[in-house]
Every structure is written in C-alpha cells, then in structure tokens.
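Q: Please give a close account of the side chains in this model, with attention to their exposure and to how their rings are arranged. Please also set that account in the context of the chain as a whole.

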Amino acid sequence: MTVSAGPARPSRALRAPEATRSNAVPAGAWWLWALGLATAASRTSNPLLLGLLVGVAGYVVAARRTDAPWARSYGAFIRIGLFVVGVRLLFSVFLGSPIPGTHPVFTLPEVPLPDWAQGVRIGGRVTAEQLLFALYDGAKLATLLICIGAANSLANPARLLKSLPGALYEAGVAVVVAMTFAPNMVADVVRLRTARRLRGRPAGGIKAVLQIGLPVLEGALERSVAVAASMDARGYGRTAQVPRAVRHTTNVLTLGGLLGVCAGTYALLASQGAVYGLPLLFAGLVAATAGLRLGGARSVRTRYRPDRWGARAWLVAGSGAVVAAAMIWAGSADTEALHPGVVPLTAPVFPLWPAAAVLIGLLPAVVAPAPPVVAVANPEESQ
C-alpha cells in the first residue's frame, strides 16, 4: 500500500511549522484575536465590513483548526448567527420599528392596544427602511457570535484554563464546565446524527431534533461535570494562608481593576467614548493584573508544561488588537462609511482602508503553526 501525502507543499522556510504540543499557539492568543475581531464588528453596521470580518474569521478557522471535538463548533455558531438575524427581522415585522420609512413593502393586520401601550404596536405597515435597519442590527450581533465561535474552534479549553492566573484557580471547576459544555454538545450532536443515519433514521427535521436534544444535553453536561470532578480531585481550589493586608490589597486591586475594565470596554463600545475609554481600560488592566499577581500567592499548585508566548502567539493576538484599534479610529474619522444610513435608502459604501485593516486579521492563517496533515491512502495505487 502506498501512502500519498497530497499535493506538493512549498518549502519549509516559506510556511509555518507543523503544530506540536510545544509550539502550539496558546488559547489566550486565539481569544484575544477573536475578541479583537468582535470589537471591530461592534463598531460598524456596514454589511460589507461585517461580511469581510466573517470571511476573515472563517478562513483562519478553516486553515488552522484541528480535528479536536471543540473545533467542530464553528458551524453551529454560524447557524446561531443566521437564526439571530432571522429573529431580529421577525421582531421588526411583527412588533414594528421606530425607524420612519416611505417605501412600504406590505401591511399586516394591526392589533389594537390600550392607551397605556402608546409607542408599541403589533402588526401594521412594514417598510423597507425598517427591514434594512433590522438586517444591519442583526448582522452585527451575528458577526459577534461568529467571532466568538472562531475562538471556541481554535482554542483548547483545557489549555485556556491552565493559563489562568493562580488567583482564579478557585473558579476553575465552574470555568471548565462552562468552556467544555458547548464543544461537547456539538460533538454529541455529530455522533448521534451519525448513529441515526447508520440505523436508517432521518437525521434532520423537527422530530429528529426533539429526539436528539435531551440525550445531547445530558451527555454534554455529564462529561463537563466529570472533567470538573477530576480537576477538584487534583487540587483545584486549595489555598494557602496569606497575611490579611495582602488579602485586602488583592481584593481592592482586583475589584477596582475589573470595574475599570468594564467601564473602559463600555466606553470603547459606545459611539463617543473612545477618548477616555482606552486610558480607563489600560488602568483597569494594570490594577487587575497586579491584584491577580498578589492573589496568586494563595495558590499551592504548580503548572505542568506552562504555555509559552512566543513571537507567533504575540503576532496572533496583536493582529486582532490592530483590527480593533483601526476600526475604533475609523469610527471617529469616517462615521458615515461605517454606519450606512437607511433613511433615505442608500447603498452601503465599501471603505477601503478599514477593509484593509480587517484583512490584517488573516495574519494567524500565515504565522500560526499548521495542524498536522493526516496521510490518506490512495486506493488506486494500492491495487
């Protein structure tokens, strides 16, 4: 039998190395990259830029995801995003919209409501302006979900938990249950649908979903709880005695830093808060980091093979940060291009340099170590 390794590849000097346990990109770098893309998506409602962000995330996932169970969750997040867009459109059709419009599409029977419900309507005239506004709004939220799905597909949940600071080990059990539930659920869905096909039963439709739903939820939760129990048996949550002054200082720094991070993030996501949002976010990160470093003195655990942040990991994380920073700056420099109007109806423009900044998010597809290539046997050559 002859084993074919596929088409010829470029020289080793021109491509990223094959991913191993020692050189794989840390999970935190993938999450920072995805959060950078999500931040960029939150700053625009231009469907062309949102589609470009989805394309960038999808290409990186296709190029760098592995065969692990959690890597299959990206498709589920795409379906969830499409469902969100559909629900947003339905709400706009049946519950109305404050957006005025002069291009009616159709008219639904309107339900009369009492006087105290002024400003709320059910049914009535549906205009093209309100549908377009709902489509832009839903597409923004769908893009955020798809970016988070990219992080779930690329980042190993166990390695992400291992990289947490020592002060957060007490919450390790809850984090593992939350981070492994969705990937396990997606893996169980694939397994059960395959089993139904082998038995000659339909794998699609509402009836099949209802029959698969409960076993999938039970199996995913049981596996997540089993992982959490094994972590608890290995010492997660055990703490050492530290002076009271250190504990109080840790609590003040951590709580103050997290409040600063929340306030700075909210300011960055707001339309007029980018000026004071960055300094507030930076100060919050510094305070929270100092608090977590002090809180790590309570941890009595050691780390086995800690993840090392090399140049490739910093490039992956930095590419997402550059995309977010460029989109934030573009939001203040060219608001009309990033937020196309719907009254009057106008076609969205394609801003060139914000689009070029989004393409920087493709950098992980080049610099991140490539997943191992599985050799496939060629049946024609084996005869």
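A: Cys-147 is buried, because its relative accessibility of 0% falls under the 20% limit. Cys-262, in contrast, has a relative accessibility of 52% and is classed as exposed, since that value is over 50%. The model is a predicted one, and a count of disulfides in it gives 0.

The aromatic side chains come next. Searching the whole structure yields 3 aromatic pairs. In one of them, the ring centres of Trp-30 and Trp-33 are 5.9 Å apart and the planes meet at 80°; the pair is therefore edge-to-face, that angle being over 60 degrees. The two residues belong to helix H1, which covers residues 27-42, and they are 3 residues apart, about one turn of the helix. Trp-30 has a relative accessible area of 5% and so counts as buried. Trp-33 is likewise buried, with a relative accessible area of 0%.

Trp-309 and Trp-314 form another pair. Their ring centres are separated by 4.9 Å and their planes by 50°, so this pair is tilted. The assignment follows because 50° is neither under 30 degrees nor over 60. As for cover, Trp-309 is partly exposed at a relative accessible area of 33%, whereas Trp-314 is exposed, its relative accessibility being 54%. The description of each pair thus rests on two quantities, because a pair of aromatic rings is described by the distance of the centres and the angle of the planes.

Exposure can also be followed along a strand. Strand E2, residues 104-111, is hardly covered, and among its 8 residues the number that are buried is 0. E2 runs antiparallel to strand E3, residues 122-127, and 5 bridges join the two. Among the bridge partners, Pro-104 is matched with Thr-127 in E3.

These parts belong to a protein chain with 14 helices and 4 strands. The chain has 383 residues, of which 37% count as buried; Cys-147, Trp-30 and Trp-33 are classed as buried. When contacts between residues at least 6 apart in sequence are considered, 80% of them join residues at least 24 apart. The area that the protein chain exposes is about 21,900 Å², and 67% of this comes from carbon and sulfur atoms.

Note on methods: Residues are numbered from 1 along each chain as its sequence is written. This is a predicted model: local features need pLDDT of at least 70, side-chain atom pairs count only at pLDDT 80 or more; totals for chains, interfaces and linings use all residues. Side-chain values use heavy atoms; hydrogens and water are left out. Rings of Phe, Tyr and Trp (its six-membered ring) pair if their centres lie within 6.5 Å; planes under 30 degrees apart count as stacked, over 60 as edge-to-face and the rest as tilted. Buried means under 20% relative accessible area, exposed over 50%, partly exposed in between (1.4 Å probe, protein chains only). Two strands pair if DSSP finds at least two bridges between them. A disulfide is a pair of cysteine sulfur atoms within 2.5 Å. Contact means heavy atoms within 4.5 Å. Accessible areas come from the Shrake-Rupley method with a 1.4 Å probe; for residues, only the protein chains shown count as cover.
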